[in-house]
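Visitor: Could you take me through the empty space in this model, and tell me on what grounds each term is used?
Guide: Gladly; here is the model to begin with.

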Amino acid sequence: MSARRAAGRFVTFEGIDGAGKSSHIDALAAWLRARGHEVVLTREPGGTPLAEALRELVLQRPMDALTEVLLVFAARRDHLRGVIEPALARGATVLCDRFTDATFAYQGAGRGFEREPLAALERWVQQGREPDLTLWFDVDAVTAAARRAAVRAPDRFEGEDLAFFERVRAGYAERARAPRFVRLDAARTPAEVRRELEAALAARGWW
Ligand code: TYD
């Protein structure tokens, strides 16, 4: 077995706010644990005490797009060093609610931040680390807004208008050209999305 395959798998979950990814992450974690796998369930921005403190700032304080970019990558650096890399090194499966694709989608496509500095920060901060699989919960902005309105008060991102979320969605579509991406039709019922997700995982044959 190669060194690469001996390490754990890094799976990320993406989509616009209201796509409904959270319940699927929890279900997948439970399914993997029931099969005896060590699972590290984490999120971005966040995942370490420092990164969670940065998350609070990013989600609540007014700031410009460059500051936002620097804070999410600072949080990501700490998260990679403190949680993700050690977990993968010991063979755990890391399930991460959002990662760098969210920066390209929200700060890049959503806020209109240039892609090249984002790509440079991605290389610098991640040192070659990329998700093995990215599950993209894709839904239109109108459906997602209706779901959000039903459950919670908006943070700085969730309060953005429909045009912002359509740009974010288009940003994900751009990133989804990478082979590690699997698009799930998140406009469907949770049970249908679950079946799609299970089929995507079965096709990988990892677990
Ligand atoms: P989210 O993951 O949706 O958590 P919750 O379900 O608790 O609301 O919230 C994180 C927000 O941060 C989301 O609106 C997207 C945003 N975000 C960025 O703008 N850039 C990033 O790089 C990341 C990781 C998240």
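**Cavity, pocket and ligand**

Guide: This is a predicted model, and a search of the whole structure finds one cavity of 30 Å³ or more.

Visitor: Why is this called a cavity?
Guide: A cavity is a set of grid points where a 1.4 Å probe fits but cannot get out, whereas a pocket is an open set, so the term cavity says that the probe has no way out. The largest cavity has a volume of about 40 Å³.

Visitor: Which residues line the largest cavity?
Guide: Its lining is made of Phe99, Thr100, Asp101, Glu122, Gln126, Glu130, Pro131, Arg175 and Arg180. By class, that lining has five charged residues, two polar and two nonpolar, and α5 and α6 (115–126) each supply at least two of its residues.

Visitor: What is the volume of the largest pocket, and how many residues line it?
Guide: The largest pocket has a volume of about 640 Å³, and 30 residues line it, of which Asp17, Lys21, Arg55, Arg98 and Glu158 lie nearest its centre. The lining divides into 13 charged, eleven nonpolar and six polar residues. Helices α2 (21–34), α3, α4, α5 and α7 (141–151) each supply at least two residues of the lining, and α5 gives the most, with four.

Visitor: Where does the ligand sit?
Guide: The space taken by the ligand is the largest pocket. A molecule sits in a pocket if more than half of its atoms lie within 2 Å of the pocket's grid points, so the ligand is assigned to this pocket on that criterion.

Visitor: Which residues around the ligand come nearest?
Guide: There are 15 residues around the ligand, and Asp17, Arg55, Arg98, Thr103 and Gln107 come nearest. The shell holds seven charged, six nonpolar and two polar residues. Within it, α3 (49–60), α4 (65–89) and α5 (100–110) each supply at least two residues, and the most come from α5, with four.

Visitor: What makes the approach of aspartate 17 to the ligand a polar contact?
Guide: An N or O atom in the side chain of aspartate 17 is 2.9 Å from an oxygen atom of the ligand; the limit for such a pair is 3.5 Å, and therefore the pair counts as a polar contact. The same limit admits arginine 98, because a polar atom of its side chain lies 2.7 Å from an oxygen atom of the ligand. It also admits glutamine 107, because an N or O atom of that side chain is 2.8 Å from a nitrogen atom of the ligand. The ligand has 560 Å² of accessible area on its own, and the protein covers 90% of that area.

Visitor: What is phi of arginine 98, and where is the residue found?
Guide: Arginine 98 is found in the loop between β3 (93–97) and α5, and its phi is near 80°, a positive value in a residue other than glycine. Most residues other than glycine have a negative phi, and most peptide bonds are trans.

Visitor: Which peptide bond is cis, and where does its proline lie?
Guide: The bond from glutamate 44 to proline 45 is cis, with omega near -15°, and proline 45 lies in the loop between β2 (39–43) and α3.

Notes
Residues are numbered from 1 along each chain as its sequence is written. This is a predicted model: local features need pLDDT of at least 70, side-chain atom pairs count only at pLDDT 80 or more; totals for chains, interfaces and linings use all residues. Side-chain values use heavy atoms; hydrogens and water are left out. A residue is near a molecule or strand if one of its heavy atoms lies within 4 Å of it. A polar contact is a pair of N or O atoms within 3.5 Å; within protein, one must be able to donate a hydrogen and the other to accept it, and residues adjacent in sequence count only if both atoms are side-chain atoms. Accessible areas come from the Shrake-Rupley method with a 1.4 Å probe; for residues, only the protein chains shown count as cover. On a 1 Å grid over the protein atoms alone, a cavity is a set of points where a 1.4 Å probe fits but cannot get out, and a pocket is an open set with protein on both sides within 12 Å along at least five of seven lines; lining residues have an atom within 4 Å of a point. Ala, Val, Leu, Ile, Met, Phe, Trp, Tyr, Cys and Pro count as nonpolar, Asp, Glu, Lys and Arg as charged, and the others, Gly among them, as polar. Grid points are joined across faces, edges and corners, and a volume is the space filled by probe spheres set on the points.
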